[in-house]
Amino acid sequence: MSLDVQGLITQMLAVAVPLLKKDAVDAESFAKIEFTKIAQTIVAIGELVATKQINQQQSVLLLNMQKLASQNVLLTLQGLGLLAVEAAINAALGVVKTAVNTAIGFVLL
Amino acid sequence: MAPVVVAAFPKSNARSSKSIKAFAYCESLQSVVVCIQLDPILGKEWISRRAKELLMTSFTSTTLTTNETPRKDSAWPAFQILAALFLLLTFSFYAGCTVTLIGDYDDVVDKGITDLQETAENYFARLKSTPSTPYDQNFHDGIRARLAVLKSRAEALPKYTLITEQIANLTVQFTQFQQLDQMSARPVPIGLVSAAESGIVTSIESILKLEIALKRTGAAPSGASTKGQ
């Protein structure tokens, strides 16, 4: 059997890195949309306070709701990150599997 | 995989202590292979733990049952073969059973959150179109009950801590909205309703975004490019 470590690394990276990059772009666009919405709402709350449409107690509750919304966005990003890593690992292992089987000459893995 | 390992260490050779050791390792590896085959039934965490236990038991028992002093010259090649097999099987364990870092898609959570959004959006729409709409305790009670059910569901699912936490945050948001709804004089300022709605909708969309991503439709194909080295 002839397995080239450097070759395996190259193959694994070739599969894993584009996946991670693609998922990072998707996550970024999601974060951008949601954080823009939260920022706009915070500005709106400020305007409601300034025009005395809501009192301090109401503004605190509304701001807390935005904080929790931000936390939920971040939790989603964390989950998307885990999914991206998971897909990259599985893709990289998929390449190792095939390379090892081919080098050995029979289906071992 | 198991027949390959068995073929490497046939029973007829299992006479010397070296062979006994080899055969014991072989048996433990076979057990690991059986565990891997049981994967869809028992789940990966159990498999991983059980496989480790089997290997450790085997290593310990062979150390206890063989009295022969290790001989570097003769024992080394056998050890090398065993190590190589072990490494290959370890690889196969990871390659055969795909790595899972976060739970799977759950239809009940997806539909539950979507239904919840529909109910909430109806209430927000009512408050915005008719700001004199009175405070509705039934709406808040209903939302709280549904969120409690969804949280229990999420807690029961494996690797669902993120979505469980998100549902807990959403529950707090609805509690805060209930306080706002209760304390606000009628007609309710539309801006207040919109701000509350925005926070809640952002959370709901975040949960749904993650939940739908758990379908793993974009998962990488395993064994994409292949020609060996």
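In the predicted model, B:Gln117 is buried, with a relative accessible area of 18%. This value falls under the 20% limit for burial, and B:Gln117 is therefore classed as buried rather than partly exposed. The residue lies in helix α6 of chain B, which spans residues 107–129. When residues up to four places away in sequence are set aside, B:Gln117 touches B:Val201, B:Ile204 and B:Leu208.

A corresponding description can be given for a residue of chain A. A:Ser70 is located in helix α2 of that chain. Its relative accessible area is 19%; because the limit for burial is 20%, A:Ser70 also counts as buried. With residues up to four places away in sequence again excluded, the contacts of A:Ser70 are A:Phe35 and A:Ile38.

Chain A as a whole contains two helices and zero strands. Of its 109 residues, 45% are buried. Among the contacts in chain A with a separation of 6 or more, 75% join residues that are 24 or more positions apart. The exposed surface of chain A amounts to about 5,600 Å², and carbon and sulfur atoms contribute 66% of this area.

The extent of an interface is often expressed as the accessible area lost when the parts come together. For chain A and chain B, the buried area is about 4,500 Å², with carbon and sulfur atoms providing 68% of it. The contact involves 54 residues from chain A and 52 residues from chain B.

Polar and charged interactions were also examined across this interface. Two salt bridges are found between chain A and chain B. B:Arg216 and A:Glu86 form a salt bridge in which the closest N and O atoms are 2.5 Å apart. In addition, 14 residue pairs across the interface are in polar contact, with both residues at pLDDT 80 or more. On the side of chain A that touches chain B, α1 (5–50) and α2 (56–104) each supply at least two residues. Helix α2 of chain A gives the most to this side, with 35 residues. By residue class, the side of chain A that touches chain B comprises 31 nonpolar, 18 polar and five charged residues.

Technical notes:
Residues numbered from 1 in each chain as written. Chains lettered and ligands numbered in written order. Predicted model: local features only at pLDDT ≥ 70, side-chain atom pairs only at ≥ 80, totals over all residues. Heavy atoms only, no water. Helix = DSSP H or I, 4+ residues; strand = E, 2+ residues; numbered from the N terminus. Buried < 20%, exposed > 50% of the residue type's maximum accessible area, 1.4 Å probe, protein only. Contact = heavy atoms within 4.5 Å. Areas by Shrake-Rupley, 256 points an atom, 1.4 Å probe, with all protein chains shown as cover. Buried area = accessible area lost by both parts, 1.4 Å probe. Salt bridge = Lys/Arg side-chain N within 4 Å of Asp/Glu carboxyl O. Polar contact = N/O pair within 3.5 Å; in protein donor to acceptor, adjacent residues only side chain to side chain. Nonpolar A, V, L, I, M, F, W, Y, C, P; charged D, E, K, R; others polar.
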